[in-house]
Amino acid sequence: MWSKLSSKIWKWPVVWVTAPSAAGIVITLRLLGWLQPFEWMALDQFFLRRPAESADPRIVIIGINEQDIKNLGRWPMTDAELAQLLKRVKEQKPRAIGLDLYRDLPIEPGHQELVHIFETTPNLIGIEKKGGAKDIPIFPPQALAKQGQVASNDILEDSDNKIRRGFFYWTNPDTGEALESLGLRLALIYLEAEGITPKPAAANPDYLQLGEAVFPIFEANDGSYVRADAGGYQVLLNFRGQAGTMEMVSMADVLQGKIPLNLFRDRIVFIGPTAESLKDFFLTPYSGVSGIVPQPMSGVEIQANLTSQILSAVLDGRQGIQVWPDPVEAGWIVLWAIIGTTLGWWVRSPRQAIAGMVCLEGSLVIGCYLAFLAGWWIPVVPPALALAGSAIVLTGYAAYQEREDRRTVMSLFGRHVNPEIAEAIWRDRDQILKEGRLPGRKMTATVLFTDIKDFSGITERTDPETLMDWLNEYMAAMSQLVLDYGGIVDKFIGDSIMAVFGVLLSNHTPEAIAEEAQKAVKCAVEMASTLHALNLKWQSQGLPTTSMRVGISTGMVVTGTLGGQQRLDYTTIGDSVNVAARLESYDKSLSGGICRILISEETHTLIQDKFLTKLIGNVRLRGRERPTKIYQVLIETLRQGD
């Protein structure tokens, strides 16, 4: 079995070329960044289809919505109004407060009151916008900056304007200045009360470790990213859900005392705009695809998601989004190219190959989705392309090779067998064909020989052109009967036909062998009726009429192809072939009507009294030493001219 498998594997060098070629092309396209948008879309679909998570119980957002702005009658709010809001929040003793509002300039009245709140609230963190090369920085409140209670609220957008990454630390590429993000700073305050402080990770001192949780730094080519801006300390965002997942109350409810008395106690409170008119909204993986009305998320919710991601990892063991190293991802793509190549090689039917490819693609997507649920971002688009590309190429090549194999098989058998048998041969071609030829196979089969009586006399009386047409009509009719009864026409020898029944059986049981012998005799009987009809036609046309002899023998034969590269012929050899030929030519004076049918003892045993027969005798046939019992199949006498 292994030798057959090995020969099949090494038979076609294209199998070993296709997989690395397909994988190489896909990896090249990936390195060029051409697949990045599609991989982002796949990641977004995983987010969208991931089961919804509940709100983080440690976080609450005070959203400043459109109704709040209407109640104020203006925007921005004054320092006095902001101070009043912060007082209400402080009364419930939150663990940390994140003010996601720019406050770089005083907005009277109430500035001194707000400054007093800033100076007396050590767990209050304000923001500043550091910005990039194209952004204008926005400074933090001076009172908070003096006390070091400032964080960055900078947000990273991918080229499709979606947020998939977040900052732990914003870093100035020129000076090396670093500033914690608002999400990280608030998480650190919360965790400090739990006795957890930041430290370098043991495995990599560049990574931040909080408790048992380690947060790897995003690299430029992580996941599907290609040469991304990896400045600062970035991480892949693991959103809890779409916009509105986090618990949120309005500013008006807080100011009017419409919230529970302990809503903020020991929690992280974010304060930020959620009104659409303030345009502090961003697209996320939950925002849908292009062409569909997007569902953006407010900036304060994105910061809250970053804080929740940190707290959940440290306190709940919630897995962040991890990626494979680049070599592993490349190997993953190669693996699926090999799978696609194997599919195209082993499944020869294009329809089955397509069905198999669809099933494998589905398995790939489902597997990557399940891995995503476990916290792994495994590439799905590149391996899917590698699988499809290699499968299509191999299926196309296999289809081409199949046409060549079919041409070889049909050149051997097309003129010998009927279409049904030809298709059966084709289905078993791998067992039949060996190096472009049929190896010899030993089996039990039934051989039938026919010959025209007194053909030499007919030849003398008929002009060559008419004789050829007459003989072709006879041969066509008789060979068609052989095919109709499931036999194969082995060869034409002058006016003789050699046919074989049973050589192409896949199941050589005694019952099957007997059935083939019966078909051979039925075919001979039918030849008599067909010749009678031909004689009537020829007589009306003034052409010669004739009778025929048939010899049938069942026994061991060897089948295969004979010849060289220039010409191959399928043939059957063996003692039974010789016996059938001798039976056909035996005692030409022995009468049999329009078609004399002589059969061997072995054939007579297999036809099981299905035909009327008589014993001719136990005679020595020419070329044989042992006597052979000969039987004649009796059929209704059909006389020439009837």
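This is a short dialogue about reading a predicted model, feature by feature.

Me: Let's start inside. Which residues touch the most other members of the largest nonpolar core?

Reply: The general idea comes first: in soluble globular proteins, nonpolar side chains tend to be buried together. Here the largest nonpolar core has 63 residues, and Phe-168, Leu-210, Phe-215, Phe-270 and Ile-310 touch the most other members. There is also a second, separate core of 38 residues, with Trp-470, Met-475, Val-482 and Val-633 among them.

Me: Let's zoom in on one of those. What does Phe-215 touch, beyond residues up to four places away in sequence?

Reply: With those neighbours set aside, Phe-215 touches Phe-168, Tyr-207, Leu-208, Leu-210, Tyr-233, Ile-310, Ala-313 and Val-314. Phe-168, Leu-210 and Ile-310 also appear in the list of core residues that touch the most other members.

Me: Now sheets. How do I read the order of strands in the sheet of six?

Reply: Strands of a sheet pair through backbone hydrogen bonds, either parallel or antiparallel. In this model the six-strand sheet is open, its order is E4-E3-E2-E12-E1-E11, and the pairing is parallel. Strand E4 (150–152) and strand E11 (248–250) are the edges, each pairing on one side only. On average, neighbouring strands of this sheet are turned by 25 degrees against each other, direction ignored. For one pairing within the sheet, take strand E1 (residues 59–64), which is joined to E11 by three bridges. Ile-62 has Val-249 in E11 as its bridge partner.

Me: Which strands make up the open sheet of three, and how do they pair?

Reply: Its order is E6-E5-E10, with antiparallel pairing. Strand E6 (178–180) and strand E10 (233–236) each have a single partner strand, so one side of each is left without a neighbour in the sheet. The average turn between neighbouring strands here is 30 degrees, direction ignored. E5 and E6 are held by three bridges in the antiparallel sense, and Thr-171 has Ala-178 in E6 as its bridge partner. Helix H8 (residues 182–193) lies across E5 and E6, at about 60 degrees to E6.

Me: How many residues of strand E19 are buried?

Reply: Six of the six residues in strand E19 (residues 496–501) are buried. Both faces are covered: Ser-496, Met-498 and Val-500 lie on one side, with Ile-497, Ala-499 and Phe-501 on the other. Strand E17 (residues 441–452) pairs with E19 in the antiparallel sense over five bridges, and strand E18 (residues 488–493) also pairs with E19 in the antiparallel sense over five bridges. Ile-497 stands opposite Thr-450 and is also the bridge partner of Phe-492. The hairpin of E18 and E19 has two residues between the strands, and Gly-494 there takes a positive phi near 60 degrees.

Me: Where can I find a positive phi in a residue other than glycine?

Reply: One case is Asp-266, with phi near 60 degrees, in the loop between helix H9 (251–255) and strand E12 (268–273). Because its relative accessibility is 42%, Asp-266 counts as partly exposed. Another is Asp-454, with phi near 55 degrees, located in the loop between E17 and helix H16 (455–461). Asp-454 has a relative accessible area of 48% and is partly exposed.

Me: What about Asp-100: is this residue buried or exposed?

Reply: Asp-100 is buried and has no salt bridge. The nearest side chain of opposite charge is Lys-129, at 9.8 Å; a salt bridge would need the charged atoms within 4 Å. Asp-100 sits in the loop between strand E2 (96–99) and helix H6 (111–119). Leaving aside neighbours within four places in sequence, its contacts include Ile-127, Asn-153, Asp-280 and Gln-303.

Me: One last backbone feature. Where are cis peptide bonds found?

Reply: One joins Trp-75 and Pro-76, with omega about 5 degrees; Pro-76 lies in the loop between helix H4 (66–72) and helix H5 (79–91). Another joins Glu-108 and Pro-109, with omega about 0 degrees. Pro-109 is in the loop between E2 and H6, and Asp-100 is placed in the loop between strand E2 (96–99) and helix H6 (111–119) too.

Key. Residues numbered from 1 in each chain as written. Predicted model: local features only at pLDDT ≥ 70, side-chain atom pairs only at ≥ 80, totals over all residues. Heavy atoms only, no water. Core = buried A, V, L, I, M, F, W, Y, C linked by side-chain atoms within 4.5 Å. Buried < 20%, exposed > 50% of the residue type's maximum accessible area, 1.4 Å probe, protein only. Contact = heavy atoms within 4.5 Å. Helix = DSSP H or I, 4+ residues; strand = E, 2+ residues; numbered from the N terminus. Lys, Arg positive; Asp, Glu negative; His and termini not counted. Pairing = 2+ DSSP bridges. Axes fitted to C-alpha atoms, helices over the stretch in contact; angles between N-to-C directions.
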